[in-house]
Amino acid sequence: MEDQKLPCVLIDCIGEKHGVYEDHAELLKEHFCLITMKEYNENKKILGKKIRAIYMWYHKPVINEELLQSLPNLKIVASSGVGIDHLDLNLLSRYGVKVSNTPFIVSTDTADLGMALMLASSRRLVEGYQMAVSPDTEYFPANWLGAEVSGATLGIIGMGTIGYKVAERAKAFEMKILYHNRKQRNKEEENAVGAIYCKKIDDLLQQSDFVMLAVNLTPQTHKLIGKRELQLMKPTATLINISRGLVVDQDDLVEALQNKVIKAAALDVTYPEPLPRDHPLLKMENVLITPHIGSATKKTRLVMMENMTESIQAALTNRPIPYEVLL
């Protein structure tokens, strides 16, 4: 807890596993008096009235009604990243609390990772590395082959900012690009990346060599990909998920991979995160998993912090919030 003349902002902690980065905290202290959850819990009566914003990093601190009741002057919750499925927007609205996120800065890095997962899975990079460095390797087998990406068909489910940036990158690989979205992009945007709209998700699933998920998690997209959808995919197809783990029915995915309904999966997100160490997905050679690192670059995380700072400052001075999430 720092200078009381600055507006008080609640954070989970500094450093540790999920806390605000230490270098970020130093920058935030130039604008706010940071109060950790530990400090708040030790002095709720006094600090509760002083806290005017919550800086939510890695989905922490967890916000529930009990916390909101103890923060009568709370104006805004600034949440890092795009997804807001960890927040009860209706609850926050009832308490008159605004919400912001950082929707645009994460899109470039997340699209980059989507392409990296597609390339790593198709060309079997992890298996290849393991073979190359293994002390038991005596030769490189000539029949050890991957699948081509250039010229293949990519189906993008969710053509928002991230999905569109994936399409821009896929165009450079001369891929045929299909997409499914709630709303069709305009013709100029489609032509710029050579994307073809599939009104029905089934059409996209049946034609794609790679299916990439880039949707927000909502009640409508919860377990959007399950047994039926997986069975529509080609047996040579790969599922890539850069959205949220719960967009896929994970049990159905395990079954599809075990029974060779689809060829492979490349996942930056799962549920839970991390998976239990005995989960079957962790034991499959045709599955590539990364630890939810879509936006995990130094530059992007710094800009996320700056975006969140701007939103908090705007809310506390009754100005329009630049990254407000509207109900």
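# Briefing: sheets, helices, cavity and pocket

Seven strands, in the order S8-S7-S6-S9-S10-S11-S12, make up an open sheet with parallel pairing. The edge positions belong to strand S8 (195-197) and strand S12 (287-289), each of which pairs on one side only. On average, neighbouring strands of this sheet are turned by 20 degrees against each other, direction ignored. The model is a predicted one. An open sheet of 5 strands, a cavity and a pocket are also described below.

**Sheet of 7 strands: pairing and helices**

- S7 and S8 run parallel and are joined by 3 bridges.
- Within this pairing, Ile177 has Ala195 in S8 as its bridge partner.
- Helix H8 (residues 161-172) lies across three strands, namely strand S6 (153-157), S7 and strand S9 (210-213).
- The angle at which H8 runs to S6 is about 170 degrees.
- Helix H12 (residues 250-258) lies across strand S10 (238-241), strand S11 (264-267) and S12.
- Relative to S11, H12 runs at about 140 degrees.

**Sheet of 5 strands**

- The strands of this open sheet follow the order S2-S1-S3-S4-S5, and their pairing is parallel.
- Strand S2 (33-36) and strand S5 (98-100) are at the edges with a single partner strand each, so one side of each has no neighbour in the sheet.
- Neighbouring strands here are turned by 25 degrees against each other on average, direction ignored.
- Strand S1 (residues 8-11) pairs with strand S3 (residues 51-56) in the parallel sense, over 3 bridges.
- Leu10 has Ile54 in S3 as its bridge partner.

**Surroundings of Arg185**

- Arg185 is located in the loop between strand S7 (176-180) and helix H9 (187-193).
- A polar atom of the Arg185 side chain lies 2.9 Å from the backbone oxygen of Met159.
- Leaving aside residues up to four places away in sequence, Arg185 touches Met159, Gly160, Thr161, Tyr164, Tyr179 and Glu190.
- Met159 therefore appears both in the 2.9 Å pair and in the list of residues that Arg185 touches, where contact means heavy atoms within 4.5 Å.

**Cavity**

- The structure contains 1 cavity of 30 Å³ or more.
- The largest cavity holds about 40 Å³ of space.
- Its lining consists of Asn241, Gly245, Val248, Gln250, Leu253, Leu267 and Val269.
- By class, the lining of the largest cavity has 4 nonpolar residues, 3 polar residues and no charged residues.

**Second largest pocket**

- The volume of the second largest pocket is about 550 Å³.
- The pocket is lined by 26 residues, of which Ser121, Glu127, Glu285, Asn286 and Val287 are the closest to its centre.
- Helix H6 (106-122), helix H7 (125-133) and S12 are the elements that give two or more residues to this lining.
- H7 provides the largest share of the lining, with 4 residues.
- The lining of the second largest pocket divides into 13 nonpolar, 6 polar and 7 charged residues.
- S12 thus has two roles in this account: S12 is an edge strand of the sheet of 7 strands, and S12 is among the elements that contribute to the pocket lining.

Note on methods. Residues are numbered from 1 along each chain as its sequence is written. This is a predicted model: local features need pLDDT of at least 70, side-chain atom pairs count only at pLDDT 80 or more; totals for chains, interfaces and linings use all residues. Side-chain values use heavy atoms; hydrogens and water are left out. On a 1 Å grid over the protein atoms alone, a cavity is a set of points where a 1.4 Å probe fits but cannot get out, and a pocket is an open set with protein on both sides within 12 Å along at least five of seven lines; lining residues have an atom within 4 Å of a point. Grid points are joined across faces, edges and corners, and a volume is the space filled by probe spheres set on the points. Ala, Val, Leu, Ile, Met, Phe, Trp, Tyr, Cys and Pro count as nonpolar, Asp, Glu, Lys and Arg as charged, and the others, Gly among them, as polar. A polar contact is a pair of N or O atoms within 3.5 Å; within protein, one must be able to donate a hydrogen and the other to accept it, and residues adjacent in sequence count only if both atoms are side-chain atoms. Two strands pair if DSSP finds at least two bridges between them. Axes are lines fitted to C-alpha atoms, for helices over the stretch in contact, and angles run from 0 to 180 degrees between N-to-C directions.
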